[in-house]
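Q: Please take a close look at one loop residue in this structure. Then set that residue against the loops, charge pairs and cores of the rest of the chain.

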Amino acid sequence: MKRRIGAAVAAAATVIAGSVAAGALGPVSPATADDTAPAEQRTVTVALDETVQEDYLGIGVNVIPWSLLEGTTRLGYDDADWEVDVERILTLQPKVARVWFQIDWMELEKGQYDFDSPEMRAFYRYLDAFEQAGTEVLLNFGWKVGERVHDWFLYPGVTKPYESAPGDLDAYGRSASALLDELINARGYDNIDFLTFYNEPNGSWDFEGPADQKAYYAEMARKVHDQLIADGLRDEVQIWGPEEVNAPDWTQYMAENAGDVFDQYSFHLYGESYEFLGDAIDQRRSTIGDAPLNLSEMGWTNPGTSVWETGYANYIIGSANNGIHSNLVWQLNGVMTHDPAGDTNGSYNLWDSLVLGLEPTAAFYEAGLLMRYIPEHSTVLGTETSHDDVRATAFRDRDGELTVLVETQSGSPKDVRVEFTGGDVTESFTRLAYSDSIAEPEKNALLPASSGTLTPAGNAFTDDAIGDENTFAIYTTSPAATQVAVDPVESTVAGGEQVDLDARVIDGSDDLTWSVVGDDNGAVDADGLFTAPDVATERTVAIRATLDDGVYGVAQVLVTPASKAGVADAPVFSLEPGLYESVEAVSITTGTPGAEIRYTTDGSVPTAESTLYTGQIVLAPLKTTYLRAIAVGDDLEDSGVTSRLYKVLDVQNAPDGYVFCQYQDSGACTFDGEASVAFGSDGLFRYGTFTDGVDCTAASFGGDPNPGGDNRCFVNPDVPDEQPIVTIYNAGFERPATGGTSNGPMVNGWTFSARAGIQHNNSVFQPAFPAPQGERTAYLKSDSGLASRIDQTVRFPAGTFAITFAAANRVGFGGQQEFDVLVDDQKLGHFVPTRDGKYTAFESEPFTVEEGEHTISFVATTTDGDNTGFVDDVQVVAAEAPQPEPEPEPDTVKPTVTVKDGASFTTRDGDGYTLVSFKLFDAGKIDKVVLNGVTKDLTDNSWSDVNFVKPGVFGAVSGANTLVVHDVAGNTTTVEFTLR
């Protein structure tokens, strides 16, 4: 019986204050600015006899299983890539995998199931990999709707057929039951434990249906539930839902209207603060009671957005300590889909599709370490921490092994003492740690190795190796994972040639066995010497280095066709394949004189009739180009096919208005008519106006603006009246060329933090007025108490300048966004756009800099509420240096003193007075008066008074008196008078 394990929260109200942890981990040795600084002492207390929750499922991952389907395979993904993907799955050992599924993979005609389709065979390979990794599967039945079933599956009247809800719920229930029967009973997958439906139905981007979509979703789930009961399958799976994001009302609706259908509830959360996470859990818990609650999607864009305020480790700590049943990371790896067409590479992934390169993202190391070592089906124990800059949670697995997760905030090195109460702990703990400084992606994709053993003494141990970075450390009584690193991870040889491979073992020791994966793929000897097969068309071969316990590493060798008599030499590409930030160009050559090169860009095999190569191919931005080529020669057999995949982003590396035309010393920058050409790199350019092209050489521009740089020529058909004083990349925020929003963190000229980015005039922000320049602006947003910023380091000449820009505030939603403008962290002004949404021109205070690099920053300062401001058209303009205030003329004028008239102020008695008052004036302000040596400080005003002077008051005496009046400049006036 798999269904209804029971309440996930054993004591939801007993979560200890201060016991939640967040994630990033530090190096083995403290990396501090001052190595002599004493470490601060922190304590984490683990209560072995206190249960926060039972049966925490663990940390898993979301998977779109498309690597083996046409969208990705047509771009060169092959079995050698799959070998690497599987090895990484086995390294991570996700505890739960939410595997997405499209109904058109199994049911092209209603009620006719094909469980042996190419898509299903690819799907089974994923299930096999997760079964091997010990991963439980959450089957996400229903996601996108392939075009092949639009004729029968759709809900009537939908506007987005690929996102349609099922039109026939009874048929949908039968399909779900048939699939589960095939997977569990016919094929024997015993790890299909959970079932859910669609994705974020509250948003309508994956579930378009009737007006009352909540009710329809609940009814859909009930139809599946009823069909599974009828078919005797209901106890095989637990049903999750509703997979909502920022819509707790959906979870409430399912609990109130389909509580007998849903065994567990699931929601998604991205990038919100650690404090917000707790509130989000409380909101949903208040409506579902003790039913298990899963955070089935969570993630952060890469790199650097998983931090103390919000990140992988602190979400795990906050989730475990607050009764969340499981945490699933979005997502395993990027893929290219074809029905519907899509591309999930670029952010949130643990790695992009391997056709774009083998290096994983930083998230692989951070999330992967947590995924591997936080145990499945464990008991969460009570924890407390001594200070607010430490968070922690602790787990006991089914075998009694202990794992403690501790996060420490950046700022100073810390010694963390972990102590245990409510039981004895004597077994040693293996330490594993993560911090951003050790997340240096490399092609082996190895999780951070163990960094020491800590043995408790007196039921406690102390970790004195935590540096000053934001760090998380895992301490576990389970052994560290053994890993195998191969060298080189990837290489290229011609058919019949050899490459010498090596391998080393991390956190273990054993003999390695070398083997080639697949048939007719060459041979490798016991020492790792690989002999490539003879190939007509290039092929990638996977070679394993395997330990006795089955753990292995994978090397990839690209085998290209060898030169042969009577056969044209295979084409060679000038540019290495992979992901590029900005526009590049590729040349194709062959070693056979006089041979033509024919190529394709759509993934098809080139023939002698394919497009003729005539010169350098410029790779367009925001496009994936798969170049496949052959060489064709007279009286020669056509060469084998060689291929290279390029994905080009849209990061600006030229002045605004200029586009790439040639590399330095690689030929002419060609164009018709007159144009402006910029030559240089890294913000250093020389400009010239030319007609009908120019050689891209330093000589053409009178010198090299950036010796040793990756210099290029960029052309602008519109010759500007004057060139910029300072080159700011993407000054008008037109890149990337989004039609909506492109969200940080990202770098595109500017470095955009999380909550900053680029927005189009038609974006979801619905700006009240269009961008003053082009179609896009930057945006600075703040919410959940977190603000944003954009920065760019540019090259300045020496001089005095100001920053000009246009800014507006979002209207119709949120509040006022204010921001500072800085250069090198020197504040040049605080700016408040008007609330009517109109763009206002602003100019900063002038500033003076030396020649060299200086950083311009726009920093949002409003953190209360949800606020957004827009910025556009940033320029550096010449300004006059602030003139010092002129030295004032010295004040030599003495104060004036007059006797005040009026009987109430002054009473004369002959040549003296019985009562006297004085009016005092000095344009430079009166400071004080001294009467017979008695001083009275005044308020430094130009006018002042000394009133009602008579004997016995303020030092006055009968007879002669002396009054001295002082101004602030030190001038004095003396008055002699007599009192009777």
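**A loop residue and its setting**

A: Asn932 is partly exposed, with a relative accessible area of 32%. This is a predicted model, and the values below are computed from it. Asn932 sits in the loop that runs from β61 (926-931) to β62 (934-937). Its backbone carries a positive phi, near 55°, although the residue is not glycine. The accessibility value places Asn932 in the partly exposed class because that class lies between the 20% limit for buried and the 50% limit for exposed.

Gln93 can be described in the same terms. Phi of Gln93 is near 45°, again a positive value in a residue other than glycine. Gln93 belongs to the loop between α2 (79-92) and β3 (96-101). With a relative accessible area of 29%, Gln93 is partly exposed.

Another loop residue, Asn322, is found between α8 (312-321) and β10 (324-329). Asn322 counts as partly exposed at 24% relative accessibility. In sequence Asn322 is 37 residues from Arg285, and the C-alpha atoms of the pair are 9.7 Å apart in space.

Loops also hold cis peptide bonds. The bond from Asp339 to Pro340 is cis, with omega near 5°, and Pro340 is in the loop between β11 (336-338) and β12. The bond from Gly744 to Pro745 is cis as well, with omega near 5°. Pro745 occupies the loop between β45 (741-743) and β46 (746-748).

The strand β12 leads on to the charge pairs. Asp343 lies in β12 (residues 341-343), and its partner Lys647 lies in β38 (residues 642-648). The side chains of Asp343 and Lys647 meet in a salt bridge, with N and O 3.0 Å apart. This pair links distant parts of the chain, 304 residues apart. The partners are not equally covered: Asp343 is partly exposed, with a relative accessible area of 33%, whereas Lys647 is buried at 11%.

Lys919 and Asp945 form a further salt bridge, and their closest N and O atoms are 2.9 Å apart. Lys919 is part of strand β60 (residues 912-921) and Asp945 part of strand β63 (residues 943-949), so the bridge ties together parts that are 26 residues apart in sequence. Lys919 is partly exposed, at 27% relative accessibility. Asp945 also has 27% relative accessibility and counts as partly exposed. Elsewhere, salt bridges with shared partners join Glu272, Arg755, Lys781, Asp783 and Asp866 into one network.

Arg712 and Asp710 make another salt bridge, in which the closest N and O atoms are 2.8 Å apart. Here the positive partner is the covered one: Arg712 is buried, with a relative accessible area of 6%, while Asp710 is partly exposed, with 48%. The 48% of Asp710 does not make that residue exposed, because exposed means over 50%. In total, the structure holds 43 salt bridges. Side chains of opposite charge can pair when their charged atoms come close.

Charge also collects on the surface without such pairing. Asp487, Asp500, Asp502, Asp525 and Asp527 gather there in a patch of negative charge. These residues are outside the salt bridges described above, because a patch takes in residues that have no salt bridge and over 30% relative accessible area. One of the patch members, Asp502, is in strand β24 (residues 502-506).

The interior gives the contrast to these loops and surface charges. The largest nonpolar core has 152 residues, and the members that touch the most others are Phe123, Phe141, Leu195, Phe197, Leu350, Leu370 and Phe530. Another core, of 32 residues, lies apart from it and includes Ala731, Ala778, Ile803 and Leu828. In soluble globular proteins, nonpolar side chains tend to be buried together.

For the chain as a whole, 57% of the 980 residues count as buried. The chain has 9 helices and 65 strands. Its C-alpha trace spans about 130 × 80 × 65 Å along the principal axes. Against this background, Asn932 is a partly exposed residue at 32%, with a positive phi, placed in the loop between β61 and β62.

Methods. Residues numbered from 1 in each chain as written. Predicted model: local features only at pLDDT ≥ 70, side-chain atom pairs only at ≥ 80, totals over all residues. Heavy atoms only, no water. Patch = residues over 30% accessible without salt bridge, like charges linked within 9 Å, V, L, I, M, F, W, Y side chains within 5 Å. Areas by Shrake-Rupley, 256 points an atom, 1.4 Å probe, with all protein chains shown as cover. Salt bridge = Lys/Arg side-chain N within 4 Å of Asp/Glu carboxyl O. Lys, Arg positive; Asp, Glu negative; His and termini not counted. Charge placed at Lys NZ, Arg CZ, Asp CG, Glu CD. Helix = DSSP H or I, 4+ residues; strand = E, 2+ residues; numbered from the N terminus. Core = buried A, V, L, I, M, F, W, Y, C linked by side-chain atoms within 4.5 Å. Buried < 20%, exposed > 50% of the residue type's maximum accessible area, 1.4 Å probe, protein only.
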